[in-house]
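These are my notebook entries on one structure, set down in the order in which I looked things up. I began with enclosed space and then turned to strands, rings and charged pairs.

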Amino acid sequence: MTTMSNAVASLLAITIVGCAVYQKKQPAEGDKAVVDAYIRAWNQHDTIALDTLLAADAIHEDVAQNFRGKGPKAVITFMRGVAAAEPDYKWTVTNTVEDGKSIALEWTWTSTYTGPDPTGKRVTNKRMSGRGMSLAEIDNGKIKSFTDYYDMASFFR
């Protein structure tokens, strides 16, 4: 009976360890869905959705535009400014890599832009597009940080 008990205990221990290792490698359920909803909210200019997807102390940073906003209100104000200059923008994710609570995105951005170009010259209805990447950190089902990296000047070529 002892041999049988040891065998069952060993099998149970291996199963538990195996499940723990498997679960550890998997991204948290729903983290990618949160980021997908965030991109969708931007594309739809949906400020209410942004407010529900961002943690109260979330940071959204757009390195190329020298923007760093804390909290949903700051991010919503930033989004409204982007929408005013580029009312038809389309943000399309082309690749996603997940690692725990971090999600990296490759994307393309297309729009019709009115405002100053990188040299300061005013342009009107300029079609532009470019590629970039973002890194998002999710915590408890909310975006804790979201940072965009891209070369703004390349969008105007």
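**Entry 1: the cavity**

I looked up the largest cavity and recorded a volume of about 140 Å³. The model is a predicted one, and I read every value below with that in mind. Counting cavities of 30 Å³ or more, I arrived at one.

Which residues lie nearest the centre of the largest cavity? I noted D62, Q65, V82, W109 and Y150, out of a lining of 14 residues. I then asked which elements give two or more residues to that lining. They are α4, β4 and β6, the last of these spanning residues 142-150. Sorted by class, the lining has ten nonpolar residues, three charged residues and one polar residue.

**Entry 2: strands β3, β4 and β5**

I next followed β4, which spans residues 102-116. Strand β3, residues 90-99, pairs with β4 in the antiparallel sense, and I recorded nine bridges between them. Within this pairing I looked up W91 and found W109 of β4 as its bridge partner. W109 had already appeared in my first entry, among the residues nearest the centre of the largest cavity.

The hairpin of β3 and β4 has two residues between the strands. There I noted that G100 takes a positive phi near 65 degrees.

How many bridges join β4 to β5? I recorded 14, with the two strands running antiparallel and β5 covering residues 122-139. One position I checked was E106, which stands opposite M133 in β5. β4 and β5 also form a hairpin, here with five residues between them. In that turn I found G120 with a positive phi of about 100 degrees.

**Entry 3: aromatic rings**

I counted 13 aromatic pairs in the structure. The pair of W42 and Y89 is tilted, with 6.3 Å from centre to centre and 55 degrees between the planes. This pair links distant parts of the chain, 47 residues apart: W42 belongs to helix α2 (residues 31-43), and Y89 to the loop between α4 (72-85) and β3.

Are these two residues buried or exposed? W42 has a relative accessibility of 2%, so I entered W42 as buried. Y89 has a relative accessible area of 3% and is buried as well.

I then looked up W42 with W91. Their ring centres lie 5.8 Å apart and their planes stand at 90 degrees; the pair is therefore edge-to-face, a class that needs planes over 60 degrees apart. Because W42 lies in helix α2 and W91 in strand β3, this pair ties together parts that are 49 residues apart in sequence. I recorded both W42 and W91 as buried.

Which residues do ring pairs link into a cluster? My list reads Y38, W42, F67, F78, Y89, W91, W107, W109, F146, Y150 and F155. I noted that the cluster includes W109 and Y150, both of which lie nearest the centre of the largest cavity together with D62, Q65 and V82.

**Entry 4: salt bridges**

My count of salt bridges came to four. I looked up three pairs in turn.

K32 and D36 meet through their side chains at 2.9 Å, N to O. Both lie in helix α2, four residues apart, which is about one turn of the helix. K32 is partly exposed, with a relative accessible area of 31%, and D36 is partly exposed at 27% relative accessibility.

K101 and D139 form a salt bridge at 3.0 Å, N to O. What does this pair link? It links distant parts of the chain, 38 residues apart: K101 is in the loop between β3 and β4, and D139 is in strand β5. I entered K101 as partly exposed, at a relative accessible area of 43%. D139 is likewise partly exposed, at 30% relative accessibility.

R157 and D151 meet in a salt bridge at 3.9 Å, N to O. The cut-off for a salt bridge is within 4 Å, so I kept this pair in the list. R157 has a relative accessible area of 76%, and I therefore entered R157 as exposed. D151, at 40% relative accessibility, counts as partly exposed.

Note on methods: Residues numbered from 1 in each chain as written. Predicted model: local features only at pLDDT ≥ 70, side-chain atom pairs only at ≥ 80, totals over all residues. Heavy atoms only, no water. Pairing = 2+ DSSP bridges. Phe/Tyr/Trp six-rings, centres within 6.5 Å; stacked < 30°, edge-to-face > 60°. Buried < 20%, exposed > 50% of the residue type's maximum accessible area, 1.4 Å probe, protein only. 1 Å grid on protein atoms, 1.4 Å probe; cavity = no way out; pocket = protein on both sides within 12 Å on 5 of 7 lines; lining within 4 Å. Points joined across faces, edges and corners; volume = space filled by probe spheres on them. Nonpolar A, V, L, I, M, F, W, Y, C, P; charged D, E, K, R; others polar.
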